[in-house]
Amino acid sequence: MNFAVLLTIVKFTGWVCTTCRESCKARFHNLETSHAKSAEEIASLSASLAGLQRDMHQLDDKLNNLFTTNTTNFQASAVEKSSYGTVDPTVISVTVHNTLQDMHRCQRNVIVSGFPEVDDVDDKITSRSFVKTI
Ligand SMILES: [Zn+2]
C-alpha cells in the first residue's frame, strides 16, 4: 500500500486501521446500549414524576378543602358566640365566686355510708337521730 497517498488524505479521513474500526464499533455499540438504558430510565422517571405531581395536586386539594371547612366552622362558631351578646363582667365574677364557694363547701361535706335501712322511717329522720347521738 502506498502510504504516501494515504498521508495526503489522512487529515480528512482519519487514521483508521482494522483494530481501531473494530474498537470504534464496539464502543459505539456500548454507547447505543447505554443510550437505550438512559432513555428507559428517563421514561420511568417521567412516569414517576407525573404520579408524584398527581398525588401532590390531590393532597393540595384535600388541604384546601380542610382549610375551607375549618374556616367555615370557625366563622360559624364566631357567629354562634356573638349571638349570646355581651356578658356583664360582674355576672362573670359573681358566677366564679359562687362556684368557688360551692367547691369550698363541698370540701367540708361528711359522707356517711353503711347506714342500716329502717322500714317506715325516712332516711332524713334516721340521719338526724344519728347526728344527735354523736
Ligand atoms: Zn488504528
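**An all-helical predicted chain**

Colleague: How does the span of helix 3, from its first C-alpha to its last, stand against the value expected at 1.5 Å a residue?

Modeller: In this predicted model, helix 3 covers residues 89–107, which is 19 residues. At 1.5 Å a residue, a span of 27 Å is expected. The helix is close to that value, reaching 27 Å.

Colleague: Does helix 3 lie largely in the open or is it covered, and what number of its residues is buried?

Modeller: A residue counts as buried if 20 or more other C-beta atoms lie within 10 Å of its own. Helix 3 lies largely in the open, because the number of its 19 residues that meet this cut-off is zero.

Colleague: What is the count of buried residues in helix 1, and which residue just after helix 1 takes a positive phi?

Modeller: Helix 1 spans residues 3–13 and is hardly covered, with a buried count of zero among its 11 residues. Just after helix 1 comes a residue with a positive phi of about 85°, namely Gly14.

Colleague: Which pattern does the protein chain follow along the sequence?

Modeller: The secondary structure comprises four helices and zero strands. Read along the sequence, the pattern is therefore α-α-α-α.

Colleague: Which element has the highest mean pLDDT?

Modeller: The chain as a whole has a mean pLDDT of 83, with 87% of its residues at 70 or more. Among its elements, the lowest mean, 75, belongs to helix 4 (residues 123–133). The highest, 88, belongs to helix 2 (residues 18–82).

Terms used:
Residues are numbered from 1 along each chain as its sequence is written. This is a predicted model: local features need pLDDT of at least 70, side-chain atom pairs count only at pLDDT 80 or more; totals for chains, interfaces and linings use all residues. Helices (H or I, at least four residues) and strands (E, at least two) are DSSP runs, numbered from the N terminus. The expected span of a helix is 1.5 Å times one less than its number of residues. A residue is buried if 20 or more other C-beta atoms lie within 10 Å of its own, exposed if 12 or fewer, and partly exposed in between; C-beta atoms are placed from the backbone. pLDDT is the predictor's confidence in each residue, from 0 to 100.
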